[in-house]
Amino acid sequence: MGSQLTTSVPTTLPGGKNTTADKLLVAASELMIERSSIEVSLSDIAQKSGVNAALVKYHFGNKDGLLLALLARDAATEVAHLEYLLAQPIAPTAKLRLHIAGIIRTYQQFPYMNRLIHFLLHESSAEAADEVSKFFVAPLLGFHRRLLAEGIKAGEFRNIDPVLFYTSLIGACDHLFFGRHAMSRATGVGPVTDEVCRQYIRHMEALICGGMLTTNTETAAAAVG
């Protein structure tokens with residue numbers, strides 16, 4: 001998460017693994033990024049991937065099944081790194097900073113992620129909502145509970161509610177990309193470049209850590225800096 005931990009899931013397919021299902025997922029992802037929307041049709045996905053639209057049903061059952069598989073693909077690496085990060089022999093504050101950077105980088109690569117989560121949780125089937133909760137929401141919220149508890153026990157964090165923390169971090173990440181289009185019309189700001197992403201990571205680290213760290217931790221961090 002961040003520069004020390006790779007959280008990216010490639011949007012291009014490695015040689016020898018260009019399966020039909022993978023092609024459809026890559027095409028759907030690319031279209032959502034290009035259009036800044038999750039409203040893409042099966043015919044559009046099929047045309048971009050060069051795959052017959054009828055094969056969506058064969059591989060995924062229906063469009064919602066494809067969207068669920070896309071979210072699972074995009075979230076897989078980030079979720080896999082959570083346990084790895086917790087196990088690292090570094091301070092909870094360092095883990096927190098790496099996690100903030102990792103989440104933002106994941107949203108930079110897949111800016112449609114939160115809208116896809118909301119759609120599958122609230123506008124799709126109960127089965128899809130259950131799956132999203134199992135492979136994304138529950139693991140991430142569980143990680144936040146454990147990281148916050150570790151930081152509180154170490155005397156580095158104030159007592160922070162994990163659900164509110166999850167809401168703040170994930171909501172802020174989503175809005176950087178989704179809200180950017182509204183701001184571009186209102187204020188003329190440009191797209192989310194790598195530099196903007198780096199600035200946002202620094203901003204969110206300062207904002208979140210400034211509200212979470214105990215006085216002792218803030219003093220120690222200032223001394224190190």
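Student: On which residue is the kink in H7 centred?

Tutor: This is a predicted model, and H7 is one of its helices, covering residues 126-153. The helix has 28 residues and reaches 37 Å from its first C-alpha to its last, close to the 40 Å expected at 1.5 Å a residue. The kink in H7 is of about 45 degrees, and its centre is Ser133.

Student: Which residue just after H7 takes a positive phi, and of about how many degrees?

Tutor: H7 is the helix of residues 126-153. Just after this helix comes a glycine with a positive phi. The residue is Gly155, and its phi is about 80 degrees.

Student: How many helices and how many strands does the protein chain have?

Tutor: Read from the N terminus on, the elements run α-α-α-α-α-α-α-α-α-α. Every symbol in that order is an α. The secondary structure therefore comes to 10 helices and 0 strands.

Student: Which residues have the most contacts inside the largest nonpolar core?

Tutor: The largest nonpolar core has 62 residues. Helices that each supply at least two residues of this core include H1 (20-35), H4 (63-87), H5 (92-109) and H8 (162-187). Inside the core, the residues with the most contacts are Leu66, Leu96, Leu116 and Leu120.

Student: With which residues is Leu96 in contact, leaving aside its neighbours within four places in sequence?

Tutor: Leu96 is among the residues with the most contacts inside the largest nonpolar core. One of its partners, Cys209, is buried, with a relative accessible area of 3%. Leaving aside neighbours within four places in sequence, the contacts of Leu96 are Leu147, Phe157, Phe165, Ile208, Cys209 and Met212.

Student: Is Met212 buried or exposed?

Tutor: Met212 lies in helix H9. Beyond its neighbours within four places in sequence, Met212 is in contact with residues including Leu96, Leu148, Phe157 and Ile160. Its relative accessibility is 3%, and a residue under 20% counts as buried, so Met212 is buried.

Student: What distance separates the C-alpha atoms of Met212 and Ile152?

Tutor: Met212 is a residue of helix H9. Along the chain, Met212 and Ile152 are 60 residues apart. Their C-alpha atoms are separated by 9.7 Å.

Student: How many of the 18 residues of H5 are buried?

Tutor: At 1.5 Å a residue, H5 should span 26 Å, and its end C-alpha atoms are 26 Å apart, which agrees. The helix is largely enclosed by the rest of the structure, because the number of its 18 residues that are buried is 13.

Student: How many disulfides does a search of the whole structure find?

Tutor: Among the cysteines, Cys197 is buried, with a relative accessible area of 0%. Cys209 is buried as well, at 3%. A search of the whole structure nevertheless gives a disulfide count of 0.

Student: Which residues does Pro162 touch, not counting residues up to four places away in sequence?

Tutor: Pro162 has its place in helix H8 and counts as buried at 15% relative accessibility. Its C-alpha atom is separated by 9.1 Å from that of Ala149, 13 residues apart along the chain. Not counting residues up to four places away, Pro162 touches Leu141, Arg145 and Leu148.

Student: Is Ser36 buried, partly exposed or exposed?

Tutor: Ser36 lies in the loop between H1 and helix H2 (42-49). Its phi is positive, at about 55 degrees, although Ser36 is not a glycine. With 26% relative accessibility, between the limits of 20% and 50%, Ser36 is partly exposed.

Student: What distance separates the C-alpha atoms of Arg198 and Ala101?

Tutor: Arg198 lies in helix H9 and is partly exposed, with a relative accessible area of 37%. Arg198 and Ala101 are 97 residues apart along the chain. The separation of their C-alpha atoms is 8.5 Å.

Student: Over which residues does pLDDT stay under 50?

Tutor: The protein chain averages a pLDDT of 82, and 80% of the residues score at least 70. Where pLDDT is low, the predicted coordinates should not be read in detail. The stretch with pLDDT under 50 is residues 1-16.

Conventions. Residues numbered from 1 in each chain as written. Predicted model: local features only at pLDDT ≥ 70, side-chain atom pairs only at ≥ 80, totals over all residues. Heavy atoms only, no water. Core = buried A, V, L, I, M, F, W, Y, C linked by side-chain atoms within 4.5 Å. Buried < 20%, exposed > 50% of the residue type's maximum accessible area, 1.4 Å probe, protein only. Helix = DSSP H or I, 4+ residues; strand = E, 2+ residues; numbered from the N terminus. Contact = heavy atoms within 4.5 Å. Disulfide = S-S within 2.5 Å. Expected span 1.5 Å × (residues − 1). Bend = angle between axes of the 7 residues up to and from the residue. pLDDT = per-residue confidence, 0-100.
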